[in-house]
Amino acid sequence: MATAKKIDKKHITGGETDGGITSSYATKDGVKLKVPYSFMGTIYGKEEEEAVLAAMKQDTLTMGPKTAEFQKKFAAMCGVKHAFAVSNCTTGMHVCTQLFDIKKGDEVIVTPNTFIATSLVILKEGAIPVYADIDPKTFNIDPKEVAKKVTSKTKAIYVVHYAGLMVDMDPIMEIAKKHNLLVLEDCAHAPYAEYKGRKAGSIGDVGVFSFHSLKNITTCGEGGMITTNNDKFAKGIEMLRCMNLTHERDAGVNEWKFGKITCKKTSPLEYWLPSHFDVNDWNGHWGNNYRMNEIQAAVGCVQLDKIDMLTEKRREIGHKITAGLKGIKGITPVFEPKECKHVFHLYTVCVEEKELGASRDQFMKVLYEEEGIQTILHYQPTYHFTGLQKMGYDPDQCQNANMFFYKREMNLPMHPRLTDADVENMINGIRNAAEKVRTKK
Ligand SMILES: Cc1ncc(COP(=O)(O)O)c(C=O)c1O
């Protein structure tokens, strides 16, 4: 996307704010951090501040002109026909689950390597998440494993573009076509990511994005967007997002019944007409209030103007880390297949225990305590959570996902404000920690 406006880059170079660590990752254990997992202060610049103030002065504070603009810009960025702003990615995926008419007893094939939200929306509708294992190289759901999990009860496939690298979508869409399944792309990590020249959120039946505080772009800490090319789905999304309200007076009819009243459309419209709206179910599902407000949408528009620059910064940092980690025995940097554009929401390094001669946990501890590099883990396989264990899920079912979380992965600090010195510190820290754990043995 072209960044037409001149953008103030100060906010990504840091140093101009005095906030605390922008997340719950702050620690008070006396360890002197060289590179904390998260960054200090606001990510916003003057442009967002001005957009917020302008939106606050509007008559309409929700679902107004800024929401319409944000949706239009977002759809253009993704190369899709429709985009609908929602309160967050979880509510957006809930809308889509209702839209897909997923109900009690239906099965949805999903990755275990994701935030709970991806399964939660399936569970909320009484359906059953069925886990397909991940590819150990990309950490994304493996299409071969998906194919094995299809049954007569399967209704949909929910994929997650983990860390900002898109899933191998062609075979997923082939499986879906063969078995008449719907596909949801959880794009929480992947705005602006590409697979064979196509953007995240433009390949499945729907795509759903998150603008949570730590995501690649954010709308004041919460927010989401649903994308689709399907006109019928577009109508359903619009209805389910906002109570499933219908406005008969706008529907081109001259007379309609509402409760006990027969209403007539007159010209000009008589303002006292009692039926402002009607409410119905959508295919047996009740609507929701999952709207986004105008202030968030105004910030979203500015963030979209910056998405090209913010993504390039992440990619530049990601590629520097990858180059710096090459050749460190036992440490596997990020894999970026040729057909994909990774947007580095996370930078996931893997520790290969046998080659390193020490466990991931030993390595991570030395990296943190002695080298001052703070790393975190994403994600515990969803079926390991207590609520799902109570449902009887086999804890050993996806070996790659289990190995990934408990033995291999760790996420390095990754955000556009990392400086060259931070990147150098991370690379040196990893090299030193690898040496230390090897010789400690
Ligand atoms: C992969 C994934 N899916 C869904 C979500 C939920 O997003 P939100 O907080 O906007 O509901 C997240 C948030 O962290 C996520 O990482």
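How far apart do the C-alpha centres of domain 1 and domain 2 lie? They lie 25 Å apart, and this tour begins with those two domains before moving on to the helices and the ligand.

Before selecting anything, note that this is a predicted model, in which local features need pLDDT of at least 70 and side-chain atom pairs count only at pLDDT 80 or more, while totals for chains, interfaces and linings use all residues. Residues are numbered from 1 along each chain as its sequence is written.

**Stop 1: the domains**

Colour the protein chain by its domain assignment, which gives domain 1 (10-42 + 307-440), domain 2 (46-245 + 281-299) and domain 3 (246-279); such bounds come from an automatic or database domain assignment. Next, select the contact of domain 1 with domain 2, which takes 28 residues from domain 1 and 31 residues from domain 2, where two residues are in contact if their C-beta atoms, placed from the backbone, lie within 7 Å. On the domain 1 side, the elements that give two or more residues are helix H9 (294-325), strand S15 (340-341) and helix H13 (399-408). Helices (H or I, at least four residues) and strands (E, at least two) are DSSP runs, numbered from the N terminus. That side of domain 1 divides into 14 nonpolar, 10 polar and four charged residues, with Ala, Val, Leu, Ile, Met, Phe, Trp, Tyr, Cys and Pro counted as nonpolar, Asp, Glu, Lys and Arg as charged, and the others, Gly among them, as polar.

**Stop 2: the ligand**

Now show the residues around the ligand: there are 14 of them, and Asn 88, Cys 89, Thr 90, Ala 188 and Ser 210 come nearest, a residue being near a molecule if its C-beta atom, placed from the backbone, lies within 6 Å of it. Helix H4 (89-99) and helix H5 (117-124) are the elements that give two or more residues to this shell. By class, the shell has five nonpolar, eight polar and one charged residues.

**Stop 3: H4 and its partners**

Keep H4 selected and add H5: the two helices pack at an angle of about 40 degrees, with their axes 9 Å apart. Axes are lines fitted to C-alpha atoms, for helices over the stretch in contact, and angles run from 0 to 180 degrees between N-to-C directions. This angle makes H4 oblique to H5, because angles under 35 degrees count as roughly parallel, over 145 as roughly antiparallel, 65 to 115 as roughly perpendicular and the rest as oblique. From H4, the contact is made by Cys 89, Thr 90, Met 93, His 94 and Thr 97, and from H5 by Ala 117, Thr 118, Leu 120, Val 121, Ile 122 and Lys 124.

Then replace H5 with helix H8 (residues 231-241), whose axis comes within 9 Å of that of H4 and crosses it at roughly 120 degrees, so that H4 is oblique to H8. Here Val 95, Gln 98 and Leu 99 of H4 meet Phe 233, Gly 236, Ile 237, Leu 240 and Arg 241 of H8.

**Stop 4: H9 and H14**

Return to H9 and add helix H14 (residues 420-440); their axes come within 10 Å and cross at roughly 30 degrees, and the two helices are therefore roughly parallel to each other. The contact of H9 with H14 divides into seven nonpolar, one polar and one charged residues.

**Stop 5: two backbone details**

Most residues other than glycine have a negative phi, and most peptide bonds are trans. Select Met 63, in the loop between helix H2 (46-56) and helix H3 (65-78), where phi is near 50 degrees, a positive value in a residue other than glycine. Finally, go to Tyr 379, in the loop between helix H11 (360-369) and helix H12 (386-389); the peptide bond from His 378 to Tyr 379 is cis, with omega near 0 degrees.
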